[in-house]
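Colleague: I am new to this structure and would like to go through it by question and answer. Please show it first.

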Amino acid sequence: MPHDLPKAYDPTAIEDRWAEYWVRENLFAQPAPEPTLASEASARPAGDAFTVLLPPPNVTGQLHMGHMFEQAEIDIMVRWRRMTGRRALWVPGTDHAGIATQLMVERQLATEGTSRQKLGREAFEARVWEWKRHYGGAILDQMKRLGASVDWQREYFTMDDHLSVAVREAFVRLYEQGLIYRGAYIVNWCPRCQTAISDLEVVYDEHKGHLWEIRYPVLTDEGQDSGEFLTVSTTRPETMLGDVAVAIHPQDERYLHLHGKKLRLPLMGREIPIILDEWVSLDFGTGAVKVTPAHDPNDFALGERHHLPSINVMDDTGHINENGGAYAGLDRYVARKRVVADVEAQGLLGAIKDHTNNVGHCDRCKTVVEPRLSTQWFIKIQPLAEKAIAAVKQGHIRITPEQYEKTYLNWMENIHDWCISRQLWWGHRIPAWHCSTCHKTTVARVDPTACSHCGSAQITQETDVLDTWFSSGLLPVSVFGWPNFGGKIPSAPGPSHLGTGDGRENRADFDAFYPTSLLITGFDILFFWVARMIMFGCWFSRDVPMPDGSPRSLADSVPFREVYIHALVRDANREKMSKTKGNVVDPIEIVKQYGTDAVRFTLASMASPGTDIAFNIARTEGYRAFANKIWNAARFLFMNVDHAAKVGIKVDLASIAKDLQLDSDEGTLADRWITSWLALTAKNIDSALNQYRFDDAASVVYQFFWGDFCDWYLEIAKLQLDYSETANHEATRRSLQVLVGVFEAALRLLSPFMPFLTEELWHAVYGGDLPSKSIALVRYPSSDIARPNLVAHVNMGLLQELIVEVRALRKEIGVEEKAVTPIEVCIFSGAQPVLKENRAIIERMARVSEVRFVEGITAGLSKHSTTNFDVAVVYERTIDVPAERDRLTKDIAKYEKGLAAAERQLGNEGFLAKAPAHIVEGLKKQESETRLLLEKAHAALEALPKD
Ligand SMILES: [Zn+2]
Ligand SMILES: [Zn+2]
């Protein structure tokens, strides 16, 4: 059957088709292997599986360049490992993203003139589910289009039933272990989102504000104004409404006479004590600090030490509440102005100083965060952190690049208790019930009907939900069935498909795929997600025995064995992509233009550990051309296969498919060389990918395909493939077999990087007689595909060196493109037979009419010398001297003009300051090139015979 590959490579014509095929055929599904009996499971070779979790994008998300980069890296690793014979599993899913999703649906409700409060909790939750059904997970569809080789049958959503059971179990277990507590502490409160947020979700900006000095009247022992004042300073004057004391340092000599005195709090009129505490700094401000325990973490600690009350003066929306007296109902910033004005009116305002401080903003909505006393749920994190630190320190988890290990350990060693409650409606509702009879709390795996302490039925469920990262932190254990293996754990109410059978089918997944092998993710979620997975993974999986029934060690409790932190994708000028700057590159648009393969290859070719990527469309154009080159190589190859078939020469495809073994000792020099070179290429890719050097791996496969295979081997093959009646058909068949065999193996090497193009061409190689459903499922070539043939490398190297030198000489002495000339070669080594045998190659590739082997190059010929030979091109140019002089004079004028313009621009400071780096670089390069051309033209003009 002849091949009918379209003339031009058109990614849009092939990519959609393959993307659909991979999903439809479930090619990357990875069920747990049977059988699952403990005795048999333990017989499985360790390390057989290669498991990766996709960092779950928000269900509201759209694919951006960062996702595409991350997923390209993961997909390359997964496809590569799958082809090397590992049981590769990549698990996809989306995160319910509490705040983000709730915010978005709330905005939608606002446009309909309603709100979540008007709908009520249940109706609101139903509305979010409805939104999710219609629009959620668009990003996964984009992943499908980009060909991510994930197991779509395992797609999860963090609010799925079986994952929610895990969340509940984890909460209850930590509570039972005394590691979850509830209490009133200062939290970061977002008045817009109306929820507490964790320290990690607060971003700090430098803010130019003021420091107001306010004078508090000192009272006599009888409670009258003494006429003296104690001056405090504050950046948030409105919080004074909640002041309960003023603190001074016990040794502060300015204030020794005030020990034991009281003050009158301006505006509110309350009497408040002066307290002594060594925490107060002697040299900051006036040395007197107002104490507002409900609105500042340091003041809160002071309040605890001195047994002071806490007066919360603000409500959930950042308005002053009833504790703020006359200011009740005012927004916090309106109240600030009013407080300052009123204090001033009473003559109590001191200096107002400019002051720069760091103000925390909500990462999600950018509202200024209000430190505020609030009752929240916390995890006592120390015991979990200790295990997570040990897991990394003992080398059970390797983090690349190495510097992130230090960052991780530093954070873990200074970790604070984790505030896990959020005042949202969208998320996992905390499984705790408060009793209005005995005021105790019941935490339970199954919704209780009565208080577990007093039996009262007057219980109501906690309204808070859990931090989104609580559920995503559990993913490595929960996606593989924890905790419900044996049906021993009662399932939560709702549709239950859990707790049935003996649980064997669930444990099989865990046994096969936990710990996962690798996590590829960004630095920005190292603490949010990576650290939490390590803590939860080590904590919860330790109770799950190993497949052979033995206890699980820390080494096998980790959620993953390797973490690779990838870099960021920036724009071509190394600027961070941002919507406000307008320099965002939409991956879907670029893919439409150049094809997924070219974009993936661009990303891979620039990805090395620790280096940000400056995404440059010119590179993508270059890799589009690379894909085109391969396409054309395939067309040439198919044309030959079809031609050969007509004269009865058949390529043995079955042996290519089966053996993946080539002979580097047979055939012509070029055959032996390309075969050996293929094996070396496979070896280099293997070592590059093992070190996450995606850039090196891409460069190696690129050089092989474009340089060695297309530019050299294919050109030589044209000489070897002779179908004429007089030709040696056996030699032709052998060469064609090598050509197809090497091409097929090279497609496999390239497949993880360019999955679509290689799938298309690989199917075409086999016609209707496929050895497998996909190139992605066949073996990856390893270095043992052929024996390294050093002699072939040396000899071919000599041949290439000669051809390259002749080509350079022809350029130098101005041989016309089409002219064919003799050359003289004087050889120093014993390589003459090699050149003689392969003179046809030299003639074809260097446009040589005759190779003359000489003892010495004829005097007068310009020659090139290498350690192996001297070579000269025998060529006499006949020139029309006046015409040549005319041409060179014109060239010189043109170059001088160009040079002057470039110099002018490069001398312009203003231009240099504003122009992007690549423009300046380009200009400098252009300038030096023009200068060189100018010198050459002058020299050539000098050299012309005078008339
Ligand atoms: Zn917010
Ligand atoms: Zn009770």
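Modeller: Helices (H or I, at least four residues) and strands (E, at least two) are DSSP runs, numbered from the N terminus. This is a predicted model, in which local features need pLDDT of at least 70 and side-chain atom pairs count only at pLDDT 80 or more, while totals for chains, interfaces and linings use all residues. Residues are numbered from 1 along each chain as its sequence is written, chains are lettered from A and ligands numbered from 1 in the order in which they are written, and side-chain values use heavy atoms, with hydrogens and water left out.

Colleague: In which loop is tyrosine 692 found, and is tyrosine 692 buried or exposed?

Modeller: Tyrosine 692 is in the loop between helix H22 (669–690) and H23. Buried means under 20% relative accessible area, exposed over 50%, and partly exposed in between (1.4 Å probe, protein chains only). Because its relative accessibility is 4%, tyrosine 692 counts as buried.

Colleague: What is phi of tyrosine 692 near?

Modeller: Most residues other than glycine have a negative phi. Tyrosine 692 has a positive value, near 60°.

Colleague: Which helix gives the largest share of the largest nonpolar core?

Modeller: A nonpolar core is a set of buried Ala, Val, Leu, Ile, Met, Phe, Trp, Tyr and Cys residues joined through side-chain atoms within 4.5 Å. The largest has 141 residues, and Phe709, Leu739, Phe743 and Phe753 have the most contacts inside it. Its largest share is 13 residues, from residues 694–720, helix H23.

Colleague: How many residues does the other core have?

Modeller: This core lies apart from the largest one, and its members include Phe171, Ile389, Val479 and Leu519. Its count is 71 residues.

Colleague: Which strands stand at the edges of the open sheet of 4 strands?

Modeller: Two strands pair if DSSP finds at least two bridges between them. The order in this sheet is S6-S5-S14-S16, with antiparallel pairing. One side of each edge strand is left without a neighbour in the sheet because each has a single partner strand; these are strand S6 (195–197) and strand S16 (418–419).

Colleague: Which residue in S14 stands opposite arginine 182?

Modeller: Strand S5 (residues 180–190) and strand S14 (residues 370–379) run antiparallel and are joined by 10 bridges. Opposite arginine 182 in S14 stands tryptophan 377.

Colleague: What is the geometry of the site of the zinc ion (ligand 1)?

Modeller: Donors are N, O and S atoms within 2.8 Å of the metal (3.2 Å for Na, K and Ca). Here they are the SG atoms of Cys190, Cys193, Cys362 and Cys365, at 2.2 to 2.4 Å. Four donors count as tetrahedral if all angles lie between 85 and 135 degrees. The angles among the 4 donor atoms of the zinc ion (ligand 1) are 100 to 120°, and the site is tetrahedral.

Colleague: What spacing do the donors of the zinc ion (ligand 2) follow along the chain?

Modeller: The protein donors of the zinc ion (ligand 2) are Cys435 (SG), Cys438 (SG), Cys451 (SG) and Cys454 (SG), lying 2.3 to 2.4 Å from it. Their spacing along the chain is C-x2-C-x12-C-x2-C.

Colleague: What is omega near for the peptide bond from tyrosine 514 to proline 515?

Modeller: Most peptide bonds are trans. Proline 515 lies in the loop between helix H15 (504–513) and strand S22 (516–522). The bond from tyrosine 514 to proline 515 is cis, with omega near -5°.

Notes: Four donors count as tetrahedral if all angles lie between 85 and 135 degrees; four count as square planar and six as octahedral if opposite donors are over 155 degrees apart and all others between 65 and 115; anything else is irregular.
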